[in-house]
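Before you work through this model in detail, here are some points that may help you find your way around it. Please read them with the structure open beside the text.

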Amino acid sequence: MPRPFLKDRHHECRLRKVKCDGHRPVCLRCERGSRDCRWSSSYTQPSPSGSQPPLPGTPSTPLGLTAPYRNSGYTSSRDPEKALQDPDVARIFRYYVDHLAGWYDLNDSRRHFGDIVPICARQNSLLLSAILAFSAASQGSSSSSRRYKDLAESYHLESVQELLSLTSDEERFRTGETLAAICLLRSYEIISQNVTAQSHLHGSYSLLSSLSTNIGTGLLSAGFWNYLREDITVALIDKRSLKIDLSDRHIPPRMEGDDDLANYISYLLGKIINQCLDEQTEPVSEDVWECLKGELDSWKDSLRGSFDPIETPRLYGESSFPCLWTTCGWHASSLQYYHTAMCILCLAQPSHILNTLQHINRIKELEIKLSHHATQVCALAISSNSAPVWVNSFGPISFCGPWLRDRQKISELTTFLEKWGRKTGWPVASTIDSLSRISSDVP
């Protein structure tokens, strides 16, 4: 499928005196360099007939896309209510509501991203453009549609411009709507095949560091926990510390429901990651390790029976993994975070090895523990039919999966990762590659 807006590739970006890549409203070269993009006056929009195929799922009509779409390349989100009158915009928006919002409401019984965020987006252009960027990117990745990917880039650019304009207005910047948009934009960058990209979100760190004493229970709280989980995912994939610092003020203010316990294990895992995966710090001391392990054990002991996974052999056919399913997504994600934290602590545990034989025995015991926790993490994902659980599993699986010591398990996990990647649009190639390298070394 030809890329839109590239019929004439001989225009130059006047500011840089180089050939433009053809993207509207701003070419990607200028966007990456944060430069003003000025198009050649000889440029003409492509004609509507035959040059712009309809979006996947759009009814085929003689007119194709709506007039605003043809004339400007995409419908701006600057006026949200007007933008949502465009059927193409509405379809992308509805895709978020129907298929993607649940990713963010995984640990939220109040469904802020599914119920509150769409309402706010009708009046908040930053939030609407972030939703459209993420939703179009997800559809473009899962369907390999160049059309969706170009739309995602356009709305991402609008979001970044709007976000930058807010950094000088502290009152407007420090809101739940802004943090929700930042979470969506971070997902856009991950879905766009660059898991570690955060080039436009540096301002988000100042927002998080300036949060008040406790984060409350509203949209600001929901945004924080989502941002933390996204940070955890990338940190586990890159095997590094988080981009944000965690302190006691980030502990959930109450422990009334299962979702509060789910957020608390997110906090504990983030804390353990920062203590143990920071390459700039010394190995954890025995006292620190015991404290972290004690907090993790206390969380595990506090769980209600509702967190206990149900083991039903062969519920979904034969598998090399145990069938461990849960009644709620946050039960599965919480247990995965627990086992991931245990993996990290096993690797970080201070040792007092006296001789070679003791060292050998310790390595054998360590491999058994790591394989057990990795099996639990993967089994909880495989036994789930929830896309939000799959998406939240990618970080834990990337970190723990390579500790599997069974070639059949690795092969089965790889098949599931490929399926989840197709369904969610999530880039899973690097995780699959790491598993393939491990598989070649497993007897």
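**Notes for a first reading**

1. Helix α8 is a mostly covered element, with 17 of its 21 residues buried. The helix runs over residues 146-166, and from its first C-alpha to its last it reaches 30 Å, close to the 30 Å expected at 1.5 Å a residue.

2. Please keep in mind that this is a predicted model. The protein chain holds 19 helices and four strands, and of its 443 residues, 54% are buried. When the contacts in the chain with a separation of 6 or more are considered, 69% of them are accounted for by residues 24 or more positions apart.

3. How do helices α12 and α13 pack? Helix α12 (residues 219-238) and helix α13 (residues 258-276) meet at an angle of about 40°, and their axes lie 10 Å apart. Because an angle of 35 to 65 degrees falls between the roughly parallel and the roughly perpendicular ranges, α12 is described as oblique to α13. The crossing of the two helices is left-handed.

4. Which residues make the contact between α12 and α13? On the side of α12 they are Trp225, Leu228, Arg229, Ile232, Ala235 and Leu236, while α13 contributes Asn263, Ser266, Tyr267, Leu269, Gly270 and Ile273. Sorted by character, the residues of this contact comprise eight nonpolar, three polar and one charged.

5. Leu236, one of the α12 residues in that contact, is also in contact with Ser398, a residue found in helix α17 (residues 387-400). Is Ser398 buried or exposed? Its relative accessibility is 5%, and because buried means under 20%, Ser398 counts as buried. With its neighbours within four places in sequence left aside, the contacts of Ser398 are Leu236, Ile237, Lys239 and Thr431.

6. Leu184, in helix α10 (residues 176-191), is a second residue worth locating in the display. Its relative accessibility is 0%, so Leu184 counts as buried. Leaving aside neighbours within four places in sequence, Leu184 is in contact with Tyr96, Tyr104, Leu127, Ala130, Ile131 and Phe134. Of these partners, Tyr104 stands 80 residues from Leu184 along the chain, and the C-alpha atoms of the two residues are separated by 9.1 Å.

Key. Residues are numbered from 1 along each chain as its sequence is written. This is a predicted model: local features need pLDDT of at least 70, side-chain atom pairs count only at pLDDT 80 or more; totals for chains, interfaces and linings use all residues. Side-chain values use heavy atoms; hydrogens and water are left out. The expected span of a helix is 1.5 Å times one less than its number of residues. Buried means under 20% relative accessible area, exposed over 50%, partly exposed in between (1.4 Å probe, protein chains only). Contact means heavy atoms within 4.5 Å. Axes are lines fitted to C-alpha atoms, for helices over the stretch in contact, and angles run from 0 to 180 degrees between N-to-C directions. Angles under 35 degrees count as roughly parallel, over 145 as roughly antiparallel, 65 to 115 as roughly perpendicular and the rest as oblique. A crossing is left-handed if the near helix is turned anticlockwise from the far one by less than a right angle, and right-handed if clockwise. Ala, Val, Leu, Ile, Met, Phe, Trp, Tyr, Cys and Pro count as nonpolar, Asp, Glu, Lys and Arg as charged, and the others, Gly among them, as polar.
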